[in-house]
Amino acid sequence: MSDGEIVVSGLTKRYKTLLAVDGLSFSVRPGRVTGFLGPNGAGKTTTLRMLLNLVTPTSGSATIGGSRYADLRDPLRTVGAVLEASSAHKGRTGINHLRVICAAAGLPKKRADEVLELVGLTPAAKRKFKGYSLGMRQRLGIAAAMLGDPRVLILDEPANGLDPEGIRWMRGLLQGLAREGRTVLVSSHLLSEMELLADDVVIIANGKLLRQGPMGEVVTSMTTTAHVRVRTPQADGLTAALSGLPGATITPRGDNTLLVTGVEAPAIGKAALAAGVELHELTPERPDLEGVFLELTAGKAGIR
Amino acid sequence: MRLVRSELLKVRTVSTWWVFGIIALVLWALATGVNWISTAVLVNPPEGTPNDDAQFNAVREAANVAANLYTSGQFFGLMIVMLIGVIVVTNEFAHQTATTTFLTTPRRTAVILAKLAAAGIVGLLFWLGTTLLNFLVAPLILGLYDVPSQLGTSALWQAILLNGLAYLIWAVIGVGFGVLIPSQLAGTITTSALYIGGFFAGAIVLNLLADKFGDWWNNLQLIVPPLASGLLVTGTDLPGSPPRWSGAAVLIAYALVAGVIGTLITRKRDIS
């Protein structure tokens, strides 16, 4: 399972008046969950659809394990994709939806039962799709993606419509699949979920790449200065003690809280001890993914 | 081949086929009733009917009366089969299953060919069904008017088999139109209107032109597809009408054009 790398290179899609994806390049490694992030309208779905040969790029290329999707000999055995929750005929039962795919892909019929079991939909197998809740539809989509036991999984907003229990289930499933050496690419705008789920992130806005890399690196790369939150009943005393430290900037935050930048927490603690100032809290603040994301995409979201 | 099986499974696992089957059955009963009446008129023409009209006399030949009954239900049957062809394609867009279908099979030409084959098979099944019904009913009606069953006449069997060809071709035309008009509502309404409207408008306009400018204009029946399929089932060639094979050729040409244009469009279309 070493050749499941996704490589997007100079990918561009121009609609009549809109440049939806603009010279986008990134790569996605096997064995990890990669989060694909961007504000609404950033071009995430268009990018995934170009990767899967559903939309023709204006220029550039996207390959999976070195081949374009259209050139894969057995696409379902290589790539499983979940694109929108509602892609089944309303009047067809869940099990029949999967059997239709099995027939077209030359997979044995029993795979349909197996993947339904995997996603916990066996009790609803013979129910028509129109009777499925949004969460059940997502599960059916994941089941369809797993039919060919693919080494690459591509999911567009899979957490939409799942309840907290369902989200936790999906997180476990995707992380387990990545640990088996598969490539997992998940687009989402749910940042908190992505922080728990993804090992790597690719962040785009306006169809352009903003940042890509391991989650931790991307988050820290945004941390130019350390922030430390300090709470003390003697704010004035602490301000006086810290003003002697080179590079320290002190911003009062009210409620006996100061935000200190330019000095690490141990140095602040030491200065407070030397000055005899009582501390109630000393917290180094790391920007989270949400902060990074909002900073990177500020002013780039919305209707284009 | 597995794509055709998948497409047939798609048809089989939703209610469309039996809903259309019931509609086809009702329309077949209606058509057969009308044909019963016309049989009565043809066998015992009312007083004062001129007996020197070559076409009328040809239609009255026992083989052709029988052909009309054994291919009863063609007009609406073909429309139903065409609509099934339209729906086989437009379902994919109406229910957003095109994504899944083209993910499973990125070779889009193969998908359309499978749909053509599956719709053709369904079309032939509808032909088989109505033909079996006609085999039950036609001998009874013929018997009422003391016309022999005609089952030994080759003209009758030609009509029955050409009728099957018409069912096959109209299913293919339906698929072609489905690709051209991916919206299900627009696709079904447009094709039905063209089919029914084309039949009546074509017949009326050509009749007028033939009356005014001469019988040559009747040959243009050929280029109006619903009239062309009627030619296939007349039994023997009728005087004043184009030969039957030409009707088949024109229909096949329409089916090819619809199928090829549809395939080319599908290959290029963005699925989103």
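Is Phe76(B) buried, partly exposed or exposed? Keep that in mind; the tour comes back to Phe76(B) below. The model on screen is predicted.

**Stop 1: the layout of chain A**

Colour chain A by domain. Domain 1 covers 6–220, and domain 2 covers 227–285. These bounds come from a domain assignment. Put a marker at the C-alpha centre of each domain of chain A. The two markers will be 46 Å apart.

**Stop 2: where chain A meets chain B**

Show both chains and select the contact residues. On the chain A side there are 32, and on the chain B side 25. Together the two chains bury about 2,400 Å². Carbon and sulfur atoms account for 56% of that area. Now pick Leu54(A), His89(A) and Ala104(A). This trio supplies 24% of the area that chain A buries against chain B, more than any other three residues.

Next, look for charges and polar atoms. How many salt bridges does the rule find across this interface? There is one. Select Lys13(A) and Asp270(B) to see a salt bridge, with the closest N and O atoms 2.9 Å apart. Polar contacts across the interface of chain A and chain B involve 14 residue pairs.

**Stop 3: rings in chain A**

Turn to the aromatic side chains. Over all chains, the search finds ten aromatic pairs. One of them joins Phe129(A) and Tyr132(A). The ring centres lie 5.8 Å apart, the planes meet at 45°, and the pair is tilted. Are these two residues buried or exposed? Phe129(A) is buried, because its relative accessible area is 2%, under the 20% limit. Tyr132(A) is buried as well, at 4% relative accessibility.

Stay on Phe129(A) and add Arg137(A). The charged end of Arg137(A) sits over the Phe129(A) ring, 4.5 Å from the ring centre.

**Stop 4: rings in chain B**

Move to Phe75(B) and Phe76(B). Their ring centres are 5.0 Å apart. Their planes stand at 70°, which is over 60, so the pair is edge-to-face. Now for the opening question. Phe76(B) counts as partly exposed, because its relative accessibility of 25% falls between 20% and 50%.

Widen the selection to Trp170(B), Tyr195(B), Phe199(B) and Phe200(B). Ring pairs link these residues with Phe75(B) and Phe76(B) into a cluster.

Finish at Phe102(B). Arg108(B) lies over the face of its ring, at 4.9 Å from the centre.

Note on methods: Residues numbered from 1 in each chain as written. Chains lettered and ligands numbered in written order. Predicted model: local features only at pLDDT ≥ 70, side-chain atom pairs only at ≥ 80, totals over all residues. Heavy atoms only, no water. Phe/Tyr/Trp six-rings, centres within 6.5 Å; stacked < 30°, edge-to-face > 60°. Buried < 20%, exposed > 50% of the residue type's maximum accessible area, 1.4 Å probe, protein only. Lys NZ or Arg CZ within 6 Å of the ring centre and 35° of its normal. Domains from an automatic or database assignment. Contact = heavy atoms within 4.5 Å. Buried area = accessible area lost by both parts, 1.4 Å probe. Salt bridge = Lys/Arg side-chain N within 4 Å of Asp/Glu carboxyl O. Polar contact = N/O pair within 3.5 Å; in protein donor to acceptor, adjacent residues only side chain to side chain.
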